[in-house]
Amino acid sequence: MVFNALTPWAHCMGNTCIEHKFIAEVLAAPAGSRAVLLEVGANNGDWTVGWAAAAKAAAQVGVHLEQHFFEPQPVYFESLTAIAASLNATFVPAAAGNRDGHASFHVTRNGSMSSSLDPHAAVNSNSNQRGFNVNVPTIDLAKYIQDTIQEGSLSFLKLDVEGYEYELLPWLLMQDALCRLSYVNIEWHLNRHSIEKRLAGLGLRLALNSLLAHGCTSPPKLIYNEEYEPNNQAIPVPGLHDITLRHSRWGDVKPHRVTMELIR
């Protein structure tokens, strides 16, 4: 039963996957417990359907694994509606944002994997041309989390919003929504972020774990920062070199005498 629940993430060695740890805690929870799985950016639903075995295993030990997944792209509406029905899950055909309403969703022409609310993110990787815009509904994700997840309950958030995380995560932080989560999996896309905001985006990535650890009464148990190389490396971060020199002992920076005392 446990093996079948872990099969979709069998590529992980041992108990190293964040999915493994969450499933293990779900299956060890007392009968009658409720666990919530939020997937923001479901795309075609491949990751979503991987939870069918885990939900079945949880039900056999008396735990209800409740799935909610977000995807605004109209092209997936029919197939994701069918997936939700098969899993007894909640499909939200909207983009996660900082308010309820509508917004332009930027879709690439070479596929939908990199589509985003962030206009800088949705660029055709083959032609470097932008795609087209689709008007989609938006939902305040912070409010949705607060309405869906009780403090101290078992929960998992997978966030893959193709560059919009740099706009969305600060909102979730300020609304105290991230503190309600047990496990958080964030896919970062620094290379898709606009050039003038890239340094601040990198700062958010580096500070997030510490902010949650020290800012939450009950911080998430585990945060996995997924940094796929093509999405996060090799493209310069303007201003980072200057900061590196300012905090080093080489280049044109002459350490102050107080700094030298600290070094000694």
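This report describes the fold, the strand pairing, the nonpolar cores, the aromatic contacts and some loop residues of a predicted model.

## Overall make-up

The protein chain contains 11 helices and nine strands. Of its 264 residues, 47% count as buried. The chain exposes about 13800 Å², and carbon and sulfur atoms supply 55% of that area. Among contacts between residues at least 6 apart in sequence, 71% join residues at least 24 apart.

## Strand β1 and its partners

Strand β1 spans residues 34-40 and is mostly covered, with six of its seven residues buried. β1 pairs with β2 in the parallel sense, over seven bridges. Within that pairing, Val36 has Glu66 of β2 as its bridge partner. β1 also pairs in the parallel sense with strand β7 (residues 154-159), here over six bridges. The bridge partner of Ala35 in β7 is Leu154. In general, side chains in a regular strand alternate between the two faces of the sheet.

## Phe69 and Phe70 in β2

The structure holds 10 aromatic pairs. One of them joins Phe69 and Phe91, which are stacked at 5.3 Å centre to centre with 20 degrees between the planes. Phe69 belongs to strand β2 (residues 64-70) and Phe91 to strand β3 (residues 90-92), so this pair ties together parts that are 22 residues apart in sequence. Both rings belong to buried residues: Phe69 has a relative accessible area of 1%, and Phe91 has one of 14%.

Phe70 is also in strand β2. Phe70 is buried, with a relative accessible area of 1%; it counts as such because the value is under 20%. Its C-alpha atom is 6.1 Å from that of Ala94, although the two residues are 24 apart in sequence. Leaving aside neighbours within four places in sequence, the contacts of Phe70 include Glu39, Val40, Gly41 and Ala42. Others among them are Val92, Ala94, Ala96, Ile139, Leu141 and Tyr144.

## Nonpolar cores

The largest nonpolar core has 41 residues, of which Leu141, Leu159, Leu169 and Leu172 touch the most other members. With neighbours within four places in sequence left out, Leu141 is in contact with Val40, Phe70, Ala96, Gly97, Leu159, Leu168 and Leu172. Val40 and Leu141 thus recur in the contacts of Phe70. A second, separate core of 19 residues includes Phe22, Val26, Trp47 and Ala58.

Two members of this second core, Phe22 and Trp47, also take part in a ring cluster. Ring pairs link Phe22, Trp47, Trp51, Phe156 and Tyr183 there. Trp47 has a further partner: the charged end of Lys158 sits over its ring, 5.2 Å from the centre.

## Loop residues

Three loop residues are set out below with their relative accessibility.

| Residue | Location | Relative accessibility |
|---|---|---|
| Asn88 | loop between α5 (77-87) and β3 | 67%, exposed |
| Gly152 | loop between α6 (141-148) and β7 | 79%, exposed |
| Asp176 | loop between α7 (165-174) and β8 (183-187) | 41%, partly exposed |

Asn88 and Asp176 also call for a note on backbone geometry. Asn88 has a positive phi of about 55 degrees although it is not a glycine. Asp176 likewise has a positive phi, of about 65 degrees, and is not a glycine. Asn88 counts as exposed because its 67% relative accessibility is over 50%. Asp176, at 41%, is partly exposed, because that class covers values between the buried and exposed limits.

Gly152 sits in the loop that leads from α6 to β7. The C-alpha atoms of Gly152 and Leu181 are separated by 7.9 Å, while the two residues are 29 apart along the chain.

Conventions: Residues numbered from 1 in each chain as written. Predicted model: local features only at pLDDT ≥ 70, side-chain atom pairs only at ≥ 80, totals over all residues. Heavy atoms only, no water. Phe/Tyr/Trp six-rings, centres within 6.5 Å; stacked < 30°, edge-to-face > 60°. Helix = DSSP H or I, 4+ residues; strand = E, 2+ residues; numbered from the N terminus. Buried < 20%, exposed > 50% of the residue type's maximum accessible area, 1.4 Å probe, protein only. Lys NZ or Arg CZ within 6 Å of the ring centre and 35° of its normal. Core = buried A, V, L, I, M, F, W, Y, C linked by side-chain atoms within 4.5 Å. Contact = heavy atoms within 4.5 Å. Areas by Shrake-Rupley, 256 points an atom, 1.4 Å probe, with all protein chains shown as cover. Pairing = 2+ DSSP bridges.
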